[in-house]
Structure formats: structure tokens, C-alpha cells
Amino acid sequence: MSCSIKELGVVVGYRCNFKCAHCCTGHNKSQGLTAKEKLTVISAINRYTPRTILFVGGETTLYIDSINEILSAAQGLSGSVIKVTTNGYFARTVASALDVLDSFKKLDWIQLSYDRFHAEFLPFENIKNLYLACKKRGVKFCVINTIGSPLDLVGLKKIRDVGDFKVLINKAMGVGEAARNGIEYVYPSFDRSVLKRSCPVRDKIIYVCGRGFSVCCSNLTFETDLPIAHASVALHKRSRIYRLISGMTLGQLLNKSGLPASQLPPRFSAECPLCEYIFTKSRLLS
């Protein structure tokens, strides 16, 4: 068992000032990390010294105090990259963006979520303001763009024209609010190549506010009562779910589950919906 963590994600809380139709964590939660949970996260950071620590939400900048509390108590962060995913609401001007960036005890990378869903709430000029603020502070910047169909790729040129940064493309999956609103990337048919793939985040661990440590950052953790999350990294790495997800391809998991491999619907071309189907419809975790 590895004694290191490549990336530790931390869901610091679910509160958000947007109500995006494709939100993966949903709009019905408001809790943030408890004092006990913060100590748990700090202990994990000190023990495993993750190369990257990624804070996500909800809207993370609503939880800066909690993030700074964790960073202040964590040891040996000089070799860790601190990333924050944000909706960028605060970047009304470059100056207001700088104020928020400067409020973090340590910050190396900003990931801005922007797509046609976020565009309902976020003025486009905020992208440039945040990009310029990051450039001034030497903070890396990228945009995460979620698409519901190939047609959404049309808007990428406008984003890329803002500056010299990467735009990462995610396909909308039927999780959280996206599932409830019927927003999901539509595949024309089932792509069997997914059976040769493994969980895309199997080498990472996430602490999910209110649940615990998990390798899963999708519906299995947020929407089910299956034993997916655990009180410590060590317990999770010894768990059956971790061994299965980290050690097998989706095709191998499907075969082990005993579920039929024929006539799978197109939506199972994406790893997370297929993984959810395998674990919720089988007795792999019984």
C-alpha cells in the first residue's frame, strides 16, 4: 500500500451563490467542514504530504477561513501545490479578484468553472479579470468547461481569446443536479472502449464534507449509502471499494459483478455512470 497521495481533494462545503443546472453536488446542502473534520483533513495532509491539495465546493471562496485554518495547521506545504476551484463571482474587477487571491494563506493554482451553465450567473468579463489577477500574483490559471453536447465547443474560441491558459473540457454526467435536470452528455451509442478504462481519479483521494475519505467524487459518494467513504485514508485504502476501483478496469468490474455486458445504454460510455451502475446493481460491496 502506497504511503503517499498524489492529490488530496477537499470538499470544504456545499454552500454556493450560484444555482447551476449541472451542479454535481446539488443545491440542497449548506454544511461546511466541522471542527473535527478539519482536524481529520489536517492530520491526513501531515501524514501523507500530498503533492497537490485541491479545495472544491460548493463555492470555495465562501470557505476561505476554513481553508486557511487547514493550511495554517498543515506542515511541509512548501512542496505541495495548492489548487482552488471557483466560480469566479468575486472577479468583478482585477482589484476585487486580487483581494480574494491575497486572502489565501497559500495559493498556487486557480481553476475557474465556466461554461454555458455558469454563464447564466457569471459575467464573461470576470474571466479576464481573474486571469489578469492570477497573472499578477504568479498563480496558475485554467478554465474548466463542461459541455452537454459537441455544439457547446463552439464557445471555446471566445474563452481561449481571453488569454494564454488551458481550457479543460468535461462532458456533463448525470450526477447531482444534472441527473435531476436531465442534463447529460448524449452519446450516440454505447462506446465499448470504456470497458478498457479505469476510474479516471483512482490515484487520488477526496475528503467529502459530511462523509469521509473516498476515491469516488461522483454519485456513489454523494447520492448513495454504500460504504464508499471512510473516516481515515488508511481505512479507505484497506476498503473493498478502494481495492476494486483502483485495481480493476471497468470491464473487469462489470465481469466480476455478474451483470450483463450486452445492450448497455449509451450513457454508460462515461466512466462514472457505468461505475455507479456496477456498484448499485450488484453485490460487489456486500
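**Naming the packing of helices and strands**

Student: Why are helices H1 and H2 called oblique to each other?

Tutor: The two helices, H1 (residues 35–48) and H2 (residues 64–73), pack at an angle of about 40°, with their axes 9 Å apart. Angles under 35 degrees count as roughly parallel, over 145 as roughly antiparallel, 65 to 115 as roughly perpendicular, and the rest as oblique. About 40° falls in none of the three named ranges, so H1 and H2 are oblique. This is a predicted model, in which local features need pLDDT of at least 70, side-chain atom pairs count only at pLDDT 80 or more, and totals for chains, interfaces and linings use all residues. Residues are numbered from 1 along each chain as its sequence is written, and side-chain values use heavy atoms, with hydrogens and water left out.

Student: How are the helices and their axes defined?

Tutor: Helices (H or I, at least four residues) and strands (E, at least two) are DSSP runs, numbered from the N terminus. Axes are lines fitted to C-alpha atoms, for helices over the stretch in contact, and angles between N-to-C directions run from 0 to 180 degrees.

Student: Which residues make the contact of H1 with H2?

Tutor: Lys38, Val41, Ile42, Ile45 and Asn46 of H1 meet Ser66, Glu69, Ile70 and Ala73 of H2, where contact means heavy atoms within 4.5 Å. By class, there are 5 nonpolar, 2 polar and 2 charged residues. Ala, Val, Leu, Ile, Met, Phe, Trp, Tyr, Cys and Pro count as nonpolar, Asp, Glu, Lys and Arg as charged, and the others, Gly among them, as polar.

Student: Why is H10 called roughly parallel to H11?

Tutor: Helix H10 (residues 250–257) and helix H11 (residues 271–281) pack at an angle of about 20°, with their axes 10 Å apart. That angle places H10 roughly parallel to H11. The crossing of H10 and H11 is left-handed: the near helix is turned anticlockwise from the far one by less than a right angle, whereas clockwise would be right-handed.

Student: What is the relation of H3 to H4?

Tutor: The axes of H3 (residues 94–102) and H4 (residues 125–137) come within 8 Å and cross at roughly 55°, so H3 and H4 are oblique to each other. The contact includes Val94 and Leu98 of H3 and Leu130 and Ala133 of H4. Its residues divide into 8 nonpolar, 1 polar and 3 charged.

Student: What makes S6 and S8 the edges of the sheet?

Tutor: In the open sheet, 8 strands follow the order S6-S5-S4-S3-S2-S1-S7-S8, with mixed pairing. S6 (166–171) and S8 (212–214) each have a single partner strand, so one side of each is left without a neighbour in the sheet.

Student: How do you know that S1 and S2 pair?

Tutor: Two strands pair if DSSP finds at least two bridges between them. S1 (residues 7–11) and S2 (residues 52–56), which run parallel, are joined by 5 bridges, so they satisfy the rule. Leu8, for example, has Ile53 in S2 as its bridge partner.

Student: Why is the aromatic pair of Tyr131 and Phe165 called tilted?

Tutor: Rings of Phe, Tyr and Trp (its six-membered ring) pair if their centres lie within 6.5 Å; planes under 30 degrees apart count as stacked, over 60 as edge-to-face and the rest as tilted. The centres of Tyr131 and Phe165 are 5.2 Å apart, with 55° between the planes, so the rings pair and are tilted. Tyr131 lies in H4 and Phe165 in the loop between H5 (156–160) and S6, 34 residues apart.
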